[in-house]
Amino acid sequence: MNAPATPSLIERGYTPEEYLAVLLSRQVRDGEIAACGMVSPIPAAGLILASQTHAPRARIIVLESAEFDPFRRDGYSGSTEFHFMAQRGELDLFFVSGVQIDQQANINLHVVGSHDHPKMRFPGGYGTGMLYYMAKRVVLFRTEHTKRTLVPRVDFVAAAGITPADIHRPGGPAMLVTPIAQFDWDRAAGCWSLASVHPGHTQQEVIDTMGFTPAAPARVATTSPPSEDELFLLRTVVREKVAMVYPEFAEKSILAAV
């Protein structure tokens, strides 16, 4: 007899994007400065959700948002001023994704294959390399948990997870969040450690569907699902605010409250 299929996130009452947004929101601490870059709807939703729940005094920055981009002037993005702020050491938390992420927390934003003869080329991320060094905590995330995205070694190091001791780096990686698991960054060991597995998935599934084997404690926790309050706020106040910057994402990926 075949084993029953694992319920999808939608069957459990929330979309994959909603769950990632909730998990990212939980990383925001009250009173800190937390931000995401451009074309980042999931962390943008997470930041706004955090401001509506446990971190009302956090200063959140969502570039291109009329409400949450303090550097935006006369219709133009203030991304340069945002980068200056990070260089001054004022950015507490930043969210970053990548084409590839490896076991040493290196991220690839540019090419798949060799740099000179790539299979695919991507636009990269303006200032992401610097932000990876200067933000006090960086939470990485991926919307895909596969061997092609979580690799033993990235094809091109756009920003390194580990740097020599003589390199000025006040920040660096802290956590990696995917659709099926969360990983903590073990700074001393220089590797990812499996922190929790999302409901409906198993530790073996997590390992089998990535390109490297993370460290793991003797007992791996189960990630807490979204609460009713988190989902309600996400689907009402947050959805409305996210739609001002990412209308298509808000329409398709965040369910309307009923």
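1. A salt bridge is taken here as a side-chain nitrogen of Lys or Arg within 4 Å of a carboxyl oxygen of Asp or Glu. The model under review is predicted, and it holds 11 salt bridges. The points below treat several of these contacts and then turn to strand 8.

2. Lys241 and Glu67 join their side chains in a salt bridge, with N to O at 3.0 Å. This pair links distant parts of the chain, 174 residues apart: Lys241 belongs to helix 6 (residues 228–242), whereas Glu67 lies in the loop between strand 2 (59–62) and helix 3 (79–87). Lys241 counts as partly exposed because its relative accessibility is 21%.

3. A salt bridge also connects Asp92 and Lys136, whose closest N and O atoms are 3.2 Å apart. Here too distant parts of the chain are linked, and the two residues are 44 residues apart. Asp92 is in the loop between helix 3 and strand 3 (93–96), and Lys136 is in the loop between helix 4 (128–134) and strand 8 (137–141). The partners should be described separately as regards accessibility. Asp92 has a relative accessible area of 16% and is therefore buried; Lys136, at 42%, is partly exposed.

4. Glu251 and Arg239 form a salt bridge in which the closest N and O atoms are 3.9 Å apart. The cut-off is within 4 Å, so the pair at 3.9 Å qualifies. Glu251 sits in helix 7 (residues 247–253) and Arg239 in helix 6, 12 residues apart, and the pair links distant parts of the chain. Glu251 counts as exposed because its relative accessibility is 58%. In addition, Arg142, Glu144 and Arg148 are joined into one network by salt bridges that share partners.

5. Strand 8 is mostly covered, with five of its five residues buried. Arg137, Val139 and Phe141 point one way from the strand, while Val138 and Leu140 point the other way. In a regular strand, side chains alternate between the two faces of the sheet. The residues on both sides of strand 8 are buried, Arg137 among them.

6. Which strands pair with strand 8? Strand 3 does so in the parallel sense, over four bridges, and Phe95 stands opposite Val139 of strand 8. Strand 10 (residues 173–177) also pairs with strand 8 in the parallel sense over four bridges. There, Val138 has Pro173 of strand 10 as its bridge partner. A description of strand 8 should thus mention its parallel pairing with strand 3 and with strand 10, together with the burial of its residues.

Definitions and conventions: Residues are numbered from 1 along each chain as its sequence is written. This is a predicted model: local features need pLDDT of at least 70, side-chain atom pairs count only at pLDDT 80 or more; totals for chains, interfaces and linings use all residues. Side-chain values use heavy atoms; hydrogens and water are left out. Buried means under 20% relative accessible area, exposed over 50%, partly exposed in between (1.4 Å probe, protein chains only). Two strands pair if DSSP finds at least two bridges between them.
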